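The following exercises concern a ligand and its surroundings, and then a pair of strands. Each task is followed by a worked solution.

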Amino acid sequence: MTKKYDANLVVIGAGAAGLVSSYIASAVKAKVILIEKHKMGGDCLNTGCVPSKALIRSATIKSYIDRATLFGLTITECSVDFQSVMQRVHKIIQRIEPHDSIERYTALGVECINGEAKIVTANCVQVNGRLIYTKNIIIASGARPMLPDISGLNKISYYTSDTIWSLKKLPKRLVVLGGGAIGCELAQCFSRLGSDVTLIVRGERILINEDTIVSSEVLQKFTDDGIDVRLSTEVLRFNSTDNSSEIQNSLVCKNTKGSTEDIFFDTILLAVGRKANTEWLNSDESSLNIKLSSDGSIAVNQHLQTNIKNIFSCGDVVGAYQFTHVASHQAWFASVNSLFGLFKKFKVDYSVIPWATFTDPEVARVGINEQEAKQNNIKYDLTQYDIDDLDRAIVDDEDHGFVRVLTKKGTDRILGVTIVGYHASEIIAEYVLAMKHKIGLNKILSTIHIYPTYNEANKYAAGVWKRANTPQKLLSLVEMFHAWRRR
Ligand SMILES: Cc1cc2nc3c(=O)[nH]c(=O)nc-3n(C[C@H](O)[C@H](O)[C@H](O)COP(=O)(O)OP(=O)(O)OC[C@H]3O[C@@H](n4cnc5c(N)ncnc54)[C@H](O)[C@@H]3O)c2cc1C
């Protein structure tokens, strides 16, 4: 029997979203073709999570060495060999590469093609001159760093999270533009490795999506670390002057008081946001018109279906939560809905999305925070446990930060948790599980936590909630009972 289609599913982009989509589809025996124009693994492996966390590791070790005397250790000399630091970053990428490789996916039964895909019709994708006829398509083309619209940008050479990994020399004076997760993580890294870092933020605080108290806690650490953080500061223009022997780069910025200032730098990292990779869609060759949202991301419904019914999309290109684990989460819905939607389509579930910013202190979150509760008129109780009280944190000299839990007013049902502190990204896992499976604070309180660990902070937070919610009437009765027993 001749087949009308070459594939059940063509996946465009081999980042987290595309890889997981292909994995799931091949696991359920669909014929899958995965097309990647650049590097398998996409941003996460090559320019995102993996290199940034590898660099953070070197910076963290350096920060421990800088604090050595606190632990009774004398380290006579420590110098940063930046080339070796970067070599390690690239070695780590190489070690993880096989997880996302063509070899692995081919062995899983996925046909991998290196080339730039174009969607010709709803059922036809073109790559390297080949036309592939497919029942379904998943667009997982990711996002890239946004460039700010500031005059003079074309006169200076700048880095973004795409290119910073090619740096050969530790910048002496580094400006980081943008106070989101990427800007904050990298600003602290370079500062700890020895650069003089100025972090320029347009908003009035860093990590603007988190509660004010969270931004303040991280800002305090940045300031203590010696990072020059400029809040409410707008860059007006960039300048580059060639002083015969060297090029002088500077920017002119304006703070909220209205005064302008020149800031000189050797290197600048632009981290002002990310933009969906959608320009290649809706090309002249294509007869389709895939709908985009106002921010340029692909518009999808609750099933991750685009306006073309057999074309689905997932990952950074659909925006919302730009994280690797969310891309993977969405990939399940995109692949299952595309392959089996004929029978049933599943709504993508965003109710329990965790994430972390890997600064020191780490910031980890699941569910809503206080500012979101207020914005949405959600009635809540707020419980805070301060980690400076936690034995393990005191032992480790990491006694800072807090666990903040929002519960539905008058109940122990968790609406959201923010943890700021050492290993916050690990500790939050208990609350993620609790929220996912509707486990309340009473149950967390009645669970044994190993002593001495950071995880105990979760139980203590539940304890704080319990003390604030003790049934007073019952306690009075019990008190009377004891008094009666003493007679
Ligand atoms: C510095 C940095 C740090 C980060 N840290 C974290 C972190 O700690 N934790 C976390 O969860 N997330 C982190 N992220 C975010 C994370 O990297 C992304 O959310 C994730 O990579 C998104 O995966 P994706 O598959 O949607 O897109 P991508 O990884 O961008 O993959 C898209 C792929 O599609 C390909 N492509 C595009 N167009 C075409 C075409 N026409 N034909 C063929 N191929 C095409 C691209 O080449 C690319 O490989 C970080 C990001 C950055 C930049």
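**Exercise 1.** Determine which polar contacts the ligand makes with His 325, Lys 53 and Gln 322.

*Solution.* Step 1: a polar contact is a pair of N or O atoms within 3.5 Å. Step 2: an N or O atom in the side chain of His 325 lies 3.4 Å from an oxygen atom of the ligand. Step 3: for Lys 53, a side-chain N or O atom is 2.7 Å from a ligand oxygen. Step 4: at Gln 322 a polar backbone atom is 3.4 Å from an oxygen of the ligand.

The model is predicted: local features need pLDDT of at least 70, side-chain atom pairs count only at pLDDT 80 or more, and totals for chains, interfaces and linings use all residues. Residues are numbered from 1 along each chain as its sequence is written, and side-chain values use heavy atoms, with hydrogens and water left out.

**Exercise 2.** State how many residues surround the ligand and how they divide by type.

*Solution.* Step 1: a residue is counted if one of its heavy atoms lies within 4 Å of the ligand. Step 2: there are 37 such residues, and Glu 36, Asp 43, Lys 53, Asp 316 and Thr 324 come nearest. Step 3: the shell divides into 14 nonpolar, 15 polar and 8 charged residues, with Gly counted as polar.

**Exercise 3.** Describe how β4 and β5 are joined.

*Solution.* Step 1: strands are DSSP runs of E, at least two residues long, and two of them pair if DSSP finds at least two bridges between them. Step 2: β4 (residues 118–121) and β5 (residues 124–127) run antiparallel, with 3 bridges. Step 3: Lys 118 has Gln 126 of β5 as its bridge partner. Step 4: a hairpin of 2 residues connects β4 to β5.

Technical notes. Helix = DSSP H or I, 4+ residues; strand = E, 2+ residues; numbered from the N terminus. Polar contact = N/O pair within 3.5 Å; in protein donor to acceptor, adjacent residues only side chain to side chain.
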